[in-house]
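Subject: Structure for your review

Dear colleague,

I am passing on the structure we talked about, with the sequence alongside. Please open it first, and then read the notes below with the model in view.

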Amino acid sequence: MKKTIYLSLISLFLFSCSGSKSVVKNKVQFNELDLINSITATDLKTYLTTVASDEMEGRDTGSKGQKKAGLYLIEQYKKAGIPFPKGAKNYYQNVPAAFMNKDSDENLPDSENIWAFIEGSEKPDEIVVVSAHYDHVGVKKGVIYNGADDDGSGTVAILEIAKAFQKAKNEGHGPKRSILILHMTGEEHGLYGSDYYSQHPLFPVVKTVADVNIDMIGRRDDDHSASNNYIYLIGSDYLSTELYNICESENKKFTNLDIDYKYNDRNDPNHFYYRSDHYNFAKLGIPVVFLFNGTHADYHKPTDKVEKIEFDALAKRAQLGFAIAWELANRDKKIVVDKDGK
C-alpha cells in the first residue's frame, strides 16, 4: 500500500510540473520544444538549395521551372507522409490562366497552388492556414532570378513547419485543429494564387481560424545590420487582439527574437500589409500575421541566391511561425475577431 501511494504521488508531481510545454500522455512525455527544434537550418538549406537552384529557372508563374519546384515540394510531403487535404483530388489547386490575366493581361499560363494537410484530432473542421508563395520572377534577358529569399525562404519554412506538425501527429500528439499548408502561385504578379483560394476555398471561411503567412525570412535588412535576431510582424493586431498576444507570448517562450513593428504602422509608405498573400485572407475577416525580414539590396535581383541566406535566422524565424500556428491550433477556443482590420 505505501509503495503504491508513493508511486502515485510521484506521477502526480511529474504531471503537475509539466506546464504548458510538456504533457504526459500514455506514459510518454511530450514537449513542444522538441517539435520546434525539429525545424533545423540543415534541413532548410537542403530544401532551399533545390527550390532556388538554376534548375527551377526562377519559378515564374506557370513556368516549367515553377512546376518542377512544385513537384519537388510534393515529393517532400509524400516522403514525410503528409497528405493532400480531404476533399481535394491531389496536391494541386488549379488556378486558370483566365483568372490570373483578369486584371492586366500578362499572358500568364495556367498554374497551381499546392496544398498539404495535417488533420486535427479534436476540431478537424477548424482550419489554421500556414502560407507562403513559391513563385518568383523567372528569367530576364537570359539571367535566372533564383529568388532564394523571395520567397524560397518562406517556401521551405512552411515545408519544415508541416513536417513538425506531422511529427507531433505521428507521436500521438497531433494538433487539435487542422493545418492547411498553402504554397501560393502568382504572388509576384498580383497575389493571384491567394486571391483564387479566397474565392474558391476548400474549407469554409467561417471555419478558418487564422493565416500565418511567411514571405522573406532568410536575410537581414539595413536597419538590422548588426544582428539577424529580429523579425518584422505585420497585421497581427489588425483583426484580433488574441493573435497579437499569441505572437508576443510564443516568441518570449521559445525564440526571443526582437519583434519589429515598423511596417505594422497603418501609415507605412511601403504598404507591406497589402503586398503578400495574407491580405486576401484579411479581406475576408480572417486574422493574419505576416512574418518578414524586410527588403535588401538583392530584392528582386538575380543576386538573391542561396549562398546569401542566413540559415540560423531562417530556422529561428520558421520556428516562431510554427510556435504561433501550434498555439492557434491547440487553444481551447478559436481566437476572437474583435477588430475591424482598419
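The protein chain exposes about 14700 Å², and carbon and sulfur atoms supply 52% of that area. Please keep in mind that this is a predicted model. Of the 342 residues of the protein chain, 55% count as buried, and among contacts between residues at least 6 apart in sequence, 81% join residues at least 24 apart. The C-alpha atoms fill a box of roughly 80 × 50 × 40 Å when it is taken along the principal axes. In secondary structure, the protein chain comes to 11 helices and 12 strands. Its radius of gyration is 20 Å, close to the 20 Å that the globule rule gives for 342 residues, so the protein chain is as compact as a globular protein of that length.

The sheet

An open sheet is formed by 8 strands, in the order β3-β4-β8-β5-β9-β12-β10-β11, and the pairing in this sheet is mixed. Its edge strands are β3 (92-95) and β11 (258-260), each of which pairs on one side only. Neighbouring strands of this sheet are turned against each other by 25 degrees on average, with direction ignored.

Which strands pair with β8, and in what sense? Strand β4 (residues 111-118) pairs with β8 in the antiparallel sense over 5 bridges, whereas strand β5 (residues 123-133) runs parallel to β8 and is joined to it by 8 bridges. On the β4 side, Ile114 has His183 of β8 as its bridge partner, and the bridge partner of Ile118 is Ile179. Ile179 of β8 is also the bridge partner of Val128. Strand β8 itself (residues 177-184) is mostly covered, in that 8 of its 8 residues are buried.

Helix α6 (residues 148-170) lies across β4, β5, β8 and β9 (208-214), and it runs at about 155 degrees to β5.

Two helices checked for length

For helix α4 (residues 64-79), a rise of 1.5 Å a residue means that its 16 residues should span 22 Å, and the end C-alpha atoms are 23 Å apart, which agrees. The buried residues in α4 are Gly65, Gln66, Ala69, Gly70, Tyr72, Leu73, Ile74, Gln76 and Tyr77. When reading that list, it may help to recall that an α-helix has 3.6 residues a turn, so residues three or four places apart point the same way. What covers the buried residues of α4 includes α3 (41-51), β3, β4, α6 and β8, so that α4 can be looked at together with the sheet described above. Just after α4, Gly81 takes a positive phi of about 75 degrees.

The same check for helix α9 (residues 241-255) gives an expected span of 21 Å for its 15 residues at 1.5 Å a residue, and its end C-alpha atoms are 21 Å apart, which agrees. In α9 the buried residues are Leu243, Ile246, Cys247, Glu248, Glu250, Asn251, Phe254 and Thr255. These buried residues pack against α2 (32-37), β10 (230-234), β11, β12 (288-292) and α11 (311-330).

Backbone points to look at

Most residues other than glycine have a negative phi, and most peptide bonds are trans. Against that background, three places deserve a look.

- A cis peptide bond joins Asp150 and Asp151, with omega at about -10 degrees, and the place of Asp151 is in helix α6.
- Asn107, a residue other than glycine, has a positive phi, near 60 degrees; Asn107 is found in the loop between α5 (97-100) and β4, and is exposed, with a relative accessible area of 69%.
- His271, again a residue other than glycine, has a positive phi, near 55 degrees; His271 is found in the loop between β11 and α10 (278-282).

Is His271 buried, exposed or partly exposed? At 42% relative accessibility, His271 counts as partly exposed, because exposed would require over 50% and buried under 20%.

With best regards

Conventions
Residues are numbered from 1 along each chain as its sequence is written. This is a predicted model: local features need pLDDT of at least 70, side-chain atom pairs count only at pLDDT 80 or more; totals for chains, interfaces and linings use all residues. Side-chain values use heavy atoms; hydrogens and water are left out. Buried means under 20% relative accessible area, exposed over 50%, partly exposed in between (1.4 Å probe, protein chains only). Helices (H or I, at least four residues) and strands (E, at least two) are DSSP runs, numbered from the N terminus. Two strands pair if DSSP finds at least two bridges between them. Axes are lines fitted to C-alpha atoms, for helices over the stretch in contact, and angles run from 0 to 180 degrees between N-to-C directions. Contact means heavy atoms within 4.5 Å. The expected span of a helix is 1.5 Å times one less than its number of residues. The radius of gyration is taken over C-alpha atoms; the globule rule is 2.2 Å times the number of residues to the power 0.38. Accessible areas come from the Shrake-Rupley method with a 1.4 Å probe; for residues, only the protein chains shown count as cover.
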